[in-house]
Amino acid sequence: MIIALNNKSNLDKEEFIPYINSLRKVPTEDQLIVCPGFLNISSVPEGFDLGAQNVSCEGPGAYTGEVSASQLKSYGVRYCIVGHSERRDYQRESYEEIHKKIQRLFESGITPILCVGETKEERENNQVNEVLMKELSTAISELSEEEKSKMIIAYEPIWSIGTGIIPTNEQIIEVFQFIKLLLPHTKVLYGGSANEENIEYLRQISEIDGYLLGGLSLKPEKLEIFLQKLH
Ligand code: PGA
């Protein structure tokens, strides 16, 4: 399974080395993709799959404060989270920007991990499929079939991120089946409050190809329990 670890804006310089050393000791046969903040990227040792949490929608050039896909590539980054709900919300990231970021990543040979998911209100109004369709179709337009199957989707219901609340298995299965109808060869992860306690429940869902973990990514000892219970 693919286990992507989204550190978000956590772990200062002096915290990161002990963190990565503990992470290194976690035994697993799963693919761990570590997505630290930009400044910690160069401190990730060999042996981890390296991911970023964001990328510029432009190429290299006069874009102050942005980090280009080719810069990420030069630091060994192989994956990049795109369209996380926190960026869509706080940074007002648009569908068009997300689309451009995916293009830049593929041009540099980096695999996008595209986050999609509905708010609580959208779910209550039965708009889940509509929201996902909009997020997916705008992001994947102009991608080749090969690129579509290479990219990774993370279904992250916004109401579940960092709240401790997860959807029912039936709700997750419904969404995964919808995504896989559109993108039959694409790996789909679940994200949103997945932890060492609810994994025994989530693991019953055969459609899930892996997990995108936020809070749990910061706790290697709990991550170890999660990975043990996953199989
Ligand atoms: P969470 O975050 O696991 O803390 O809910 C997931 C995410 O935002 O990627």
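I will talk about the salt bridges in this predicted model, taking three pairs in turn and then a small network.

Altogether the structure holds 14 salt bridges, and I would like to start with the one in which the side chains of Lys 100 and Glu 58 meet, with an N to O distance of 3.2 Å. Lys 100 lies in helix α4, residues 95–107, whereas Glu 58 sits in the loop between β3 (49–52) and α2 (69–74), so this pair ties together parts that are 42 residues apart in sequence. As for solvent accessibility, Lys 100 counts as partly exposed at 25% relative accessibility, and Glu 58 is likewise partly exposed, at 25%.

The second pair is Arg 88 and Glu 135, where the closest N and O atoms are 3.9 Å apart, a value to be read with the cut-off in mind, since a salt bridge is counted within 4 Å. Here again distant parts of the chain are linked, with Arg 88 in helix α3 (residues 85–90) and Glu 135 in helix α6 (residues 128–140), 47 residues apart. Are these two side chains buried or exposed? Arg 88 has a relative accessibility of 16% and counts as buried, because the threshold for that class is under 20%, and Glu 135 is buried too, with a relative accessible area of 7%.

The third pair joins Glu 93 to Lys 101, with the closest N and O atoms 2.6 Å apart. Glu 93 counts as buried at 8% relative accessibility, and Lys 101 is also buried, at 5%. This pair does not stand alone, as Arg 87, Glu 93 and Lys 101 are linked in a network of salt bridges.

Conventions:
Residues numbered from 1 in each chain as written. Predicted model: local features only at pLDDT ≥ 70, side-chain atom pairs only at ≥ 80, totals over all residues. Heavy atoms only, no water. Helix = DSSP H or I, 4+ residues; strand = E, 2+ residues; numbered from the N terminus. Buried < 20%, exposed > 50% of the residue type's maximum accessible area, 1.4 Å probe, protein only.
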